[in-house]
Amino acid sequence: MHRSFVPIALVLAVAVGCASQDAGNAADGPLDATDASLDATADARYEAAILPEAAVDDGLVRPSSPECEGPDGGPPMAYLPDGFCIDRTEVTVSQYDAWLASGPPTDTSPACQFNETFEPNDICMDMAGVCEGDCDDHPRVCVDWCDASAYCKGVGKQLCGSLRGEAASWTDFGDPGKDAWQAACSSGGQFQFTYGDDHDSACHDGYPTGGQGTEEVGTRASCQSPDPAYAGVFDLTGNVWEWEDACEGTGPHDRCRMRGGGFRDPHLGYCDFDQVTETRLIHRESVNPDIGFRCCLYPD
Ligand SMILES: [Ca+2]
Ligand SMILES: [Ca+2]
């Protein structure tokens, strides 16, 4: 077990300054293109697994797994053996902005009545680490939990929660038999890290940019599962933390979980890392330059 993590001070919990807002290479892996046992879906995952360029250029245009067809936007999805679909990457700036441009209706969910806008927070967007310039394929950051949840619903998906498509229990975040994000990250409970059990510093140590900022989603192929059935899902470790449908209560100040670590965080990346206990407290209304999200889908 690699439990050498040294808790990072709460300095990582960047306050936005507003009272209501807190702010490998898989080619070395076991996959074999000549393995006749790989079906067409697995072949597609294999291709994404061994070709980093494809992960970037092809990954965003690759069709979703057949089981995951139907959503109207966002990243292509992978169907996992646990019976649900998950976005292959974090939701990008261009994907989120396309939804915003469609004029989504006001958020009326009980937990999100505080949420007056889906626009990324202006103060947050001016903070260090937020992409400037050509950012279309970077993860969308500076959005609160309610923005993330509304986006997922808006494109016909859900913010990742339990394996059954409900909100995940606050305490089940480390259980791959109950928590969808954890099932994806741990390859159904096989591994401590997305990529296996042996620590790979390339997937930590401020992944991907040593604390400087985000990177285009899916850029690095090393930080994905070596199991073909779970491969092709990128950046579960690092790039940005990801909002999860796992909250302590229904109020704006109630805590919600974020998963996987972000570019500011060295040494993180255990799939079952408990950010609430060990690093920082994040509330439903919080925004931050290193928090984004991805969505799930639960086929009938
Ligand atoms: Ca908002
Ligand atoms: Ca991530």
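In this predicted model, three strands form an open sheet with mixed pairing, arranged in the order β5-β4-β6. The strands at the two edges are β5 (256-259) and β6 (291-292), each of which pairs on one side only. Strand β4, made up of residues 241-247, runs antiparallel to β5 and is joined to β5 by three bridges. One residue pair can be picked out here: Cys247 has Cys256, in β5, as its bridge partner. As helpful background, the strands of a sheet pair through backbone hydrogen bonds, in either a parallel or an antiparallel manner.

Strands β4 and β5 turn up again in the nonpolar interior, being among the elements that give two or more residues to the largest nonpolar core. This core has 64 residues, and those with the most contacts inside it are Cys85, Ile86, Ala180 and Ala184. Other elements giving two or more residues include the strands β1 (77-79), β2 (85-87) and β7 (295-297), along with the helices α3 (93-101) and α6 (180-185). The largest share comes from α5, which supplies six residues. In soluble globular proteins, nonpolar side chains tend to be buried together. For a closer look at one of the well-connected residues, Ala184 is a good place to start: leaving aside residues up to four places away in sequence, Ala184 touches Leu80, Ile86, Tyr230, Val233 and Leu236. Of these partners, Ile86 is itself listed with the residues that have the most contacts inside the core.

The loops also hold some residues worth a visit. The loop between α4 (122-125) and α5 (145-154) contains Asp137. Is Asp137 buried or exposed? Asp137 counts as buried because 21 other C-beta atoms lie within 10 Å, where the cut-off is 20 or more. Asp137 and Ser94 are separated by 43 residues in sequence, yet their C-alpha atoms are 6.5 Å apart in space.

The loop between α4 and α5 also holds Cys142. The backbone of Cys142 has a positive phi of about 65°, although the residue is not a glycine. Cys142 is buried, because it has 24 C-beta neighbours inside 10 Å. A positive phi, near 55°, is found at Ser187 too, again in a residue other than glycine. Ser187 sits in the loop between α6 and β4. With 25 C-beta neighbours inside 10 Å, Ser187 is therefore classed as buried.

Key. Residues are numbered from 1 along each chain as its sequence is written. Chains are lettered from A and ligands numbered from 1 in the order in which they are written. This is a predicted model: local features need pLDDT of at least 70, side-chain atom pairs count only at pLDDT 80 or more; totals for chains, interfaces and linings use all residues. Two strands pair if DSSP finds at least two bridges between them. Helices (H or I, at least four residues) and strands (E, at least two) are DSSP runs, numbered from the N terminus. A residue is buried if 20 or more other C-beta atoms lie within 10 Å of its own, exposed if 12 or fewer, and partly exposed in between; C-beta atoms are placed from the backbone. A nonpolar core is a set of buried Ala, Val, Leu, Ile, Met, Phe, Trp, Tyr and Cys residues joined through C-beta atoms within 7 Å. Two residues are in contact if their C-beta atoms, placed from the backbone, lie within 7 Å.
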